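Student: I would like a close look at the pockets and the interior of this structure, taken as one connected part. Please begin with how residues are sorted by class, and then work inwards step by step.

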Amino acid sequence: MALLSAAVFVGAICGTTSHVAKAAPVNHPINVNGTSLLKVNDYDVLYCTPIGPYVNEEKRLMVPLRSVAELLGAKVDYNVKLQEAKIKWKSNEIVFQKGKQSYKLNGTEAAMDTQPEVIQDAFVIPLGVLLRSMNIPFEYANNKVILKDPAFDQSKIFQNVIELDRGRFIVDNPSALDIQNFKIVGEKNAAGETRGNITVSGLNRTGSVIREGKEDLHIIGVSNQTVDMDADFASVDIPDRKRPKVDQGGRVTQSLSYLKINENDPLQYIFAAGRTLQAKDERK
């Protein structure tokens with residue numbers, strides 16, 4: 001995974017203190033602490049370049065325009081000169097413009113209590129306005145927005161992730177763990193290599209104990225050319241990792257270390273799945 005170019009500090013989506021994201025210079029050391037605010041089907045979206053989901057000063061969840069196209073499969077057109085974005089989802093079209101506290105839905109103007117921003121040349125929009133205006137299915141639970149629609153799995157990014165995520169074949173509860181806090185650290189060395197670590201914590205919300213061998217807090221890093229994730233199946237050179245028992249209401253933490261030697265393969269997304277797998281004695 002490549003070196004992140006932004007440090008993002010986010011709080012809960014509402015009701016708690018939050019911080020507006022601040023862009024950091026490219027190639028500086030990484031120190032990103034965050035709270036998961038967005039989930040699309042089975043995957044929490046922790047980071048998307050150049051800035052992950054965050055809460056702005058009006059306490060509205062903001063996401064990069066590019067991620068709307070790549071994660072949801074929406075059609076997006078962006079006018080750089082006007083700093084205006086058109087988003088099409090099924091039969092609806094919405095238009096946002098930087099600094100404007102209104103939007104156009106199918107040609108009709110409507111007011112909103114926040115405004116789009118431009119951060120590191122990325123156009124960032126209020127996700128809630130988009131979802132409600134265009135009737136995109138979602139719910140709010142555990143301090144995060146959760147989007148649920150089988151169509152999202154057909155988007156550009158998720159198709160690739162799902163194809164490579166072999167653990168999906170032995171999942172018995174895709175939402176056993178509520179992904180909560182995460183931390184990303186990394187630094188570029190004199191040789192130009194980027195070394196770092198992603199740590200994610202999850203809370204057992206099943207209402208019962210998750211027995212040993214079933215926990216799968218699964219971290220996925222998506223770059224331009226590669227996808228990095230921990231293995232859910234043993235192989236000749238990769239043994240099964242330890243999967244500890246998780247008490248009811250207990251927490252579990254997992255980490256994924258990374259090394260990137262190719263500057264042309266920058267990090268695009270970090271996802272996490274908080275699930276349980278069929279234990280070896282449960283598999284057919």
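Tutor: For the description of a lining, Ala, Val, Leu, Ile, Met, Phe, Trp, Tyr, Cys and Pro count as nonpolar, Asp, Glu, Lys and Arg as charged, and the others, Gly among them, as polar. The model is a predicted one, and what follows should be read with that in mind.

With those classes in hand, consider the second largest pocket, whose volume is about 190 Å³. Its lining is made up of 15 residues, and the closest of them to the pocket centre are Lys39, Asn142, Ile146, Ser175 and Leu177. Two elements, β16 (144–147) and β18, give two or more residues to this lining, and β18 contributes the most, with three residues. Sorted by class, the lining of the second largest pocket holds seven charged residues, five nonpolar ones and three polar ones.

Strand β18, which spans residues 177–188, also carries Gln180. The relative accessible area of Gln180 is 14%, and because buried means under 20%, Gln180 counts as buried. Beyond its neighbours up to four places away in sequence, Gln180 touches Gly34, Thr35 and Ser36, the residues Ser201, Gly202, Leu203 and Arg205, and also Arg251.

From β16, the other element named in the pocket lining, one can move on to the loop between β16 and α3, where Asp149 is found. Asp149 is a charged residue by the classes above, yet its relative accessible area is 13% and it is buried. Its C-alpha lies 8.3 Å from that of Val40, although Asp149 and Val40 are 109 residues apart in sequence. Once neighbours within four places in sequence are set aside, the contacts of Asp149 are Asn41, Trp89, Lys90 and Pro137.

Val40 leads in turn to the enclosed spaces, since it belongs to the lining of the largest cavity. The structure holds two cavities of 30 Å³ or more, and the largest cavity has a volume of about 70 Å³. Along with Val40, the residues lining the largest cavity include Leu38, Cys48, Pro53, Val63, Leu127 and Leu147. Strand β4 (38–40) and helix α1 (65–72) each supply at least two residues of that lining, and α1 gives the most, with four. By class, 10 residues of the lining of the largest cavity are nonpolar, one is polar and none is charged. As a general point, nonpolar side chains in soluble globular proteins tend to be buried together.

Helix α1 itself deserves a closer reading. Six of its eight residues are buried, which means that α1 is largely enclosed by the rest of the structure. The buried residues of α1 are Leu65, Ser67, Val68, Glu70, Leu71 and Leu72. Just after α1, Gly73 takes a positive phi of about 75°.

Leu65 and Val68 of this helix are also among the residues that Ile87 touches, and other contacts of Ile87 beyond four places in sequence include Phe96, Leu130 and Met134. Ile87 belongs to the largest nonpolar core, which has 41 residues and in which Ile87, Phe96, Leu130 and Phe271 have the most contacts. There is also a second, separate core of 20 residues, and its members include Ile179, Ile210, Val246 and Ile270.

Aromatic rings give a further view of the interior. If rings pair when their centres lie within 6.5 Å, the count comes to seven aromatic pairs. In one of them, Tyr43 and Phe158 have ring centres 5.8 Å apart and planes at 20°, and because planes under 30 degrees apart count as stacked, so does this pair. Tyr43 lies in strand β5 (residues 43–48) and Phe158 in helix α3 (residues 156–164), so the pair ties together parts that are 115 residues apart in sequence. Tyr43 counts as buried at 1% relative accessibility, and Phe158 is buried with a relative accessible area of 0%. Another aromatic pair, Phe96 with Tyr103, is tilted, with 6.1 Å from centre to centre and 40° between the planes, and both Phe96 and Tyr103 are buried. Finally, Tyr43 and Phe158 form one aromatic cluster with Tyr269 and Phe271, and Phe271 leads back to the largest nonpolar core, where it is one of the residues with the most contacts.

Methods
Residues are numbered from 1 along each chain as its sequence is written. This is a predicted model: local features need pLDDT of at least 70, side-chain atom pairs count only at pLDDT 80 or more; totals for chains, interfaces and linings use all residues. Side-chain values use heavy atoms; hydrogens and water are left out. Buried means under 20% relative accessible area, exposed over 50%, partly exposed in between (1.4 Å probe, protein chains only). Contact means heavy atoms within 4.5 Å. Rings of Phe, Tyr and Trp (its six-membered ring) pair if their centres lie within 6.5 Å; planes under 30 degrees apart count as stacked, over 60 as edge-to-face and the rest as tilted. On a 1 Å grid over the protein atoms alone, a cavity is a set of points where a 1.4 Å probe fits but cannot get out, and a pocket is an open set with protein on both sides within 12 Å along at least five of seven lines; lining residues have an atom within 4 Å of a point. Grid points are joined across faces, edges and corners, and a volume is the space filled by probe spheres set on the points. A nonpolar core is a set of buried Ala, Val, Leu, Ile, Met, Phe, Trp, Tyr and Cys residues joined through side-chain atoms within 4.5 Å.
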